Amino acid sequence: MNAITKRQEMLKVFDTRQVFNELMAALSMALDMDARGKLYHAWRVALVAGLTAELMLPDKVNDVFYAGLLHDIGAMGLDDHIVHQMISGEPLTDPIILEHSDRGAAIVKELPVLAEAALYILEHHEHWDGTGTPAGRKGPDLTVGGQIVAVADQLDILLRLYPRDEGKKALEIIKKRSGTSLMPEVVEAFLAAVAETPYYQKVQNYNALPSLMEEALNKLPPISCVHPQPFKATVRVFAKIIDAKHKYTAGHSHRVAAYGVKLAKEIGYGEDQLEELEIAGLLHDFGKISVPNRILDKAGPLDEDEFAVIRAHPGRTAELLNMIEGLKHLAWIAAGHHERYDGRGYPLKLAGEEIPLGARILCIADAFDAMTSNRSYQRNRSFEEAGEVIKKYAGSQFDPELAKAAEVLWKQ
Ligand SMILES: [Fe+2]
Ligand SMILES: [Fe+2]
Ligand SMILES: [Fe+2]
Ligand SMILES: [Fe+2]
């Protein structure tokens with residue numbers, strides 16, 4: 001295949017509506033991973049809310065669906081997933097939980113195409129009778145979309161609390177909440193669209209959720225997402241979300257992408273390759289969203305289990321990027337940034353040229369930023385000091401040729 005057809009193919013891949021939708025699904029999956037595995041909370045909320053919206057709010061199905069996927073994004077960074085806290089029955093006092101609707105709406109609003117979804121996210125814990133949070137708004141002051149997400153959210157939690165009666169108890173409780181915490185018309189639409197159809201049993205089966213999600217994504221109306229804009233803008237916001245997880249990593253993904261591009265230019269990458277490397281750099285720590293802050297923040301040495309969780313993050317980056325048809329080919333460029341040239345890295349222990357070139361570049365960019373930015377566990381070094389370290393580990397941690405070219409990062 002010559003270069004021109006290859007480029008056209010690439011554009012075609014990025015032009016499909018699926019890239020945006022699949023990025024959203026992957027992001028919500030990342031938010032729903034914890035040390036124990038995948039929780040599928042956001043997916044189930046999105047599926048139930050989307051179906052209810054088809055009946056009640058047909059011109060806003062997209063907005064409701066995206067709000068469902070991202071409704072708990074503001075709770076990112078909790079020690080334990082918000083779902084576990086919700087079903088624990090303990091009073092919710094953690095400030096992150098109390099603020100997660102506001103915080104989530106603020107994050108999602110950064111993508112203009114999600115402005116309406118942000119509003120629903122803000123209201124997903126508001127109650128029809130005014131007893132909810134964060135504003136205690138009530139009745140007709142609430143958006144229908146917010147109430148649809150609320151009913152789906154409550155359903156998911158109830159199904160986890162009462163898992164063994166085919167959803168009977170959950171349904172009983174939702175019906176009781178009609179007119180108190182939930183808008184009656186929304187409960188009615190939910191019953192007609194979901195609870196009183198065969199879908200209600202399907203959506204209770206965790207194994208069925210990936211195929212239900214695939215179906216739902218294929219059905220969603222297109223979002224205009226033309227490469228490179230606003231696709232790049234979307235990926236930039238994603239990088240910000242990844243970094244927002246943790247106060248010490250603010251701006252990390254953007255800097256890694258920028259250092260990576262600088263080094264790649266130095267060794268003669270062309271425009272297309274630079275663009276792809278930038279995207280891989282922006283998303284290299286995607287899998288880190290699932291690492292609890294209690295581990296990321298830990299000042300002292302990590303124990304075996306904690307290490308295992310940290311070391312799982314690049315593999316999860318690969319898994320998430322593999323969910324996105326248009327970004328699959330970048331999965332190991334992004335996820336290979338902790339492989340070492342001498343084969344002693346992780347997760348695959350690849351060595352030398354087995355590691356994709358882009359990953360070897362990002363490995364240097366990642367280490368360079370880790371050394372020169374403020375982190376909890378180490379003092380930050382000057383650019384020159386970090387350069388010395390890169391040179392010292394040329395041939396062991398880093399590709400020796402690239403380590404030489406990397407001088408462009410610290411010698412201006
Ligand atoms: Fe929530
Ligand atoms: Fe939730
Ligand atoms: Fe990493
Ligand atoms: Fe990183």
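A residue is called buried here if 20 or more other C-beta atoms lie within 10 Å of its own, exposed if 12 or fewer, and partly exposed in between. With that in mind, and remembering that this is a predicted model, you can begin the tour.

**Helix 22 and its two sides**

Select helix 22, residues 383–392, and colour Ala386, Gly387 and Ile390, which are its buried residues. Because these residues cover an arc of only 105 degrees around the axis, they sit on the same side of helix 22. Now add Glu384, Glu385 and Lys392, which are exposed and belong to the face of helix 22 turned away from its buried side. To see what covers the buried residues of helix 22, display its surroundings, which include helix 21 (357–372), helix 23 (400–405) and helix 24 (407–410).

**From helix 21 to helix 16**

Keep helix 21 on screen and add helix 16, residues 271–282, which packs with helix 21 at an angle of about 50 degrees, the axes being 11 Å apart. That geometry makes helix 16 oblique to helix 21, and the crossing in which helix 16 passes helix 21 is right-handed. If you show side chains here, pick Leu277, Ala280 and Gly281 in helix 16, which meet Gly358, Ile361, Leu362 and Ala365 in helix 21. Sorted by class, the contact of helix 16 with helix 21 has 5 nonpolar, 2 polar and no charged residues.

Before leaving this region, go to the loop between helix 20 (331–335) and helix 21, where Pro347 has its place. The peptide bond leading from Tyr346 to Pro347 is cis, with omega near 5 degrees. It is worth pausing on, because most peptide bonds are trans.

**Helix 8, helix 9 and the loop between them**

Next, select helix 8 (residues 115–122) together with helix 9, which pack at an angle of about 55 degrees with their axes 8 Å apart. Helix 8 and helix 9 are therefore oblique to each other, and their crossing is right-handed. The residues that make the contact are Glu116, Leu119 and Tyr120 of helix 8, and Gly145, Gly146 and Val149 of helix 9. In the contact of helix 8 with helix 9, the residues divide into 3 nonpolar, 2 polar and 1 charged.

The loop between helix 8 and helix 9 holds Pro134, and a cis peptide bond, with omega about 0 degrees, joins Thr133 and Pro134.

**Onward to helix 10**

Follow the chain past helix 9 to Glu166, found in the loop between helix 9 and helix 10. Although Glu166 is not a glycine, it has a positive phi of about 60 degrees. With 13 C-beta neighbours inside 10 Å, Glu166 counts as partly exposed.

Helix 10 itself covers residues 168–177, and the ones to highlight as buried are Ala170, Leu171, Ile174 and Arg177. They cover an arc of only 120 degrees around the axis, so they fall on the same side of helix 10. Turn to the other side of helix 10 and you will find Lys168 and Lys176, which are exposed. Among the elements that cover the buried residues of helix 10 are helix 9 (144–161) and helix 11 (184–195). After helix 10 comes Gly179, whose phi is positive, near 90 degrees.

In helix 11, select Ala192, which is partly exposed, with 14 other C-beta atoms within 10 Å.

**Val108 in helix 7**

Move to helix 7, residues 100–109, and centre the view on Val108. Is Val108 buried or exposed? It counts as buried, because it has 27 C-beta neighbours inside 10 Å. Setting aside neighbours within four places in sequence, the residues in contact with Val108 are Leu70, Ile73, Leu114, Ala117, Ala118 and Ile121. For a sense of scale, draw a distance from the C-alpha of Val108 to that of Arg177: these residues are 69 apart in sequence and 28 Å apart in space.

**A last stop at Tyr40**

Finally, select Tyr40, in the loop between strand 2 (37–38) and helix 3 (41–56). Phi of Tyr40 is near 60 degrees, a positive value in a residue other than glycine. This deserves a look because most residues other than glycine have a negative phi. Which side of the cut-off Tyr40 falls on can be read from its surroundings: with 21 other C-beta atoms within 10 Å, Tyr40 is buried.

Conventions. Residues numbered from 1 in each chain as written. Chains lettered and ligands numbered in written order. Predicted model: local features only at pLDDT ≥ 70, side-chain atom pairs only at ≥ 80, totals over all residues. Helix = DSSP H or I, 4+ residues; strand = E, 2+ residues; numbered from the N terminus. Contact = placed C-beta atoms within 7 Å. Arc of directions from axis to C-beta. Axes fitted to C-alpha atoms, helices over the stretch in contact; angles between N-to-C directions. Parallel < 35°, antiparallel > 145°, perpendicular 65-115°, else oblique. Left-handed = near helix turned anticlockwise from the far one by under 90°. Nonpolar A, V, L, I, M, F, W, Y, C, P; charged D, E, K, R; others polar.
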